[in-house]
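Trainee: I would like a close look at a single part of this model, taken slowly and with the reasoning spelled out. Could you choose one helix and then set it beside the packing of the rest of the chain?

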Amino acid sequence: MEQYVTDKNVEEKFGAIQRAMDDGEYDIVVKECGGLFETAFKKIFHEAVALLGFKERNELLEKEKEKGEGKKGVDAFTFGQLVGLFSETKLMKKWAKISNRDVGLMEYVNFNSVVELRNDVTHNMGRCGKADAELVFQYLKALYTAMGMTDIEKICYRPPVPRVPVEVSGDQKEKANIT
């Protein structure tokens with residue numbers, strides 16, 4: 001069984017993702033977000049199994065068996081299989097209700113598009129733009145906030161770099177064509 005990352009590791013990963021975002025490494029942002037989405041979905045699945053009533057729990061476990069083709073459980077699922085499981089079972093909504101969590105719009109996010117983007121940059125050497133990377137990262141922040149990590153924005157905050165005025169001499173202005 002995969003071991004879940006600790007809160008400290010999650011904080012470190014969020015910090016690394018923010019640095020990649022700041023550095024314009026958008027492909028890395030999407031790849032790293034994908035890994036943390038997998039971790040979150042697996043954790044939510046296990047919490048739901050523990051909290052759901054008998055009938056709903058059995059339905060969920062049957063869907064897990066179906067998705068894993070009877071050969072693997074949720075901890076060995078790919079990101080795409082996890083998203084499929086969540087989509088087909090409405091697990092985000094069920095988990096939110098039984099755990100008394102406010103998932104906001106996460107209940108309605110089409111994670112299939114996130115999987116496609118992540119797979120493209122991971123397996124096909126595709127490129128990702130800033131807007132898509134920002135959106136995926138915001139989804140991730142919202143999900144982890146719903147899971148109880150309240151310091152996400154604090155973890156990701158990077159103070160602005162102060163601008164230092166530079167004096168330029170007349171000769172340097174002429175060489176640089178500065179008026």
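Mentor: What follows takes one helix, α3, and then turns to the core and the aromatic rings. The model is a predicted one, and its secondary structure comes to nine helices and zero strands. Of the 179 residues of the chain, 39% count as buried, and among contacts between residues at least 6 apart in sequence, 68% join residues at least 24 apart.

Helix α3 covers residues 54-67, and because each of its 14 residues should add 1.5 Å, with the span counted as 1.5 Å times one less than the number of residues, a span of 20 Å is expected, which agrees with the 20 Å between its end C-alpha atoms. The buried residues of α3 are L60, K63 and E64. These three cover an arc of only 105° around the axis, which means that they lie on the same side of α3. As a general point, an α-helix has 3.6 residues a turn, so residues three or four places apart point the same way. The cover over the buried residues of α3 includes α2, α4 and α5, whereas the face turned away from that buried side carries the exposed residues F54, K55, E62, K65 and E66. After α3 comes E69, whose phi is positive, near 55°.

Turning to the core, the largest nonpolar one holds 48 residues, of which F37, F41, M92, F111, L140, L143 and Y144 touch the most other members. Helices α1, α2, α4, α5, α6 and α7 each supply at least two residues of this core, and the largest share, twelve residues, comes from α2. Leaving aside residues up to four places away in sequence, F37 touches F79, F111, V114, V136, Y139, L140 and L143. F37 also belongs to one aromatic cluster, together with F41, F79, F86, F111 and Y139.

Across the whole structure, a search finds nine aromatic pairs. In one of them, the rings of F14 and Y144 have their centres 5.3 Å apart and their planes at 80°, and because an angle over 60 degrees counts as edge-to-face, this pair is edge-to-face. The pair links distant parts of the chain, since F14 sits in helix α1 and Y144 in helix α7, 130 residues apart. Both F14 and Y144 are buried, and Y144 is also among the core residues that touch the most other members.

How values were computed
Residues numbered from 1 in each chain as written. Predicted model: local features only at pLDDT ≥ 70, side-chain atom pairs only at ≥ 80, totals over all residues. Heavy atoms only, no water. Core = buried A, V, L, I, M, F, W, Y, C linked by side-chain atoms within 4.5 Å. Buried < 20%, exposed > 50% of the residue type's maximum accessible area, 1.4 Å probe, protein only. Helix = DSSP H or I, 4+ residues; strand = E, 2+ residues; numbered from the N terminus. Contact = heavy atoms within 4.5 Å. Arc of directions from axis to C-beta. Phe/Tyr/Trp six-rings, centres within 6.5 Å; stacked < 30°, edge-to-face > 60°.
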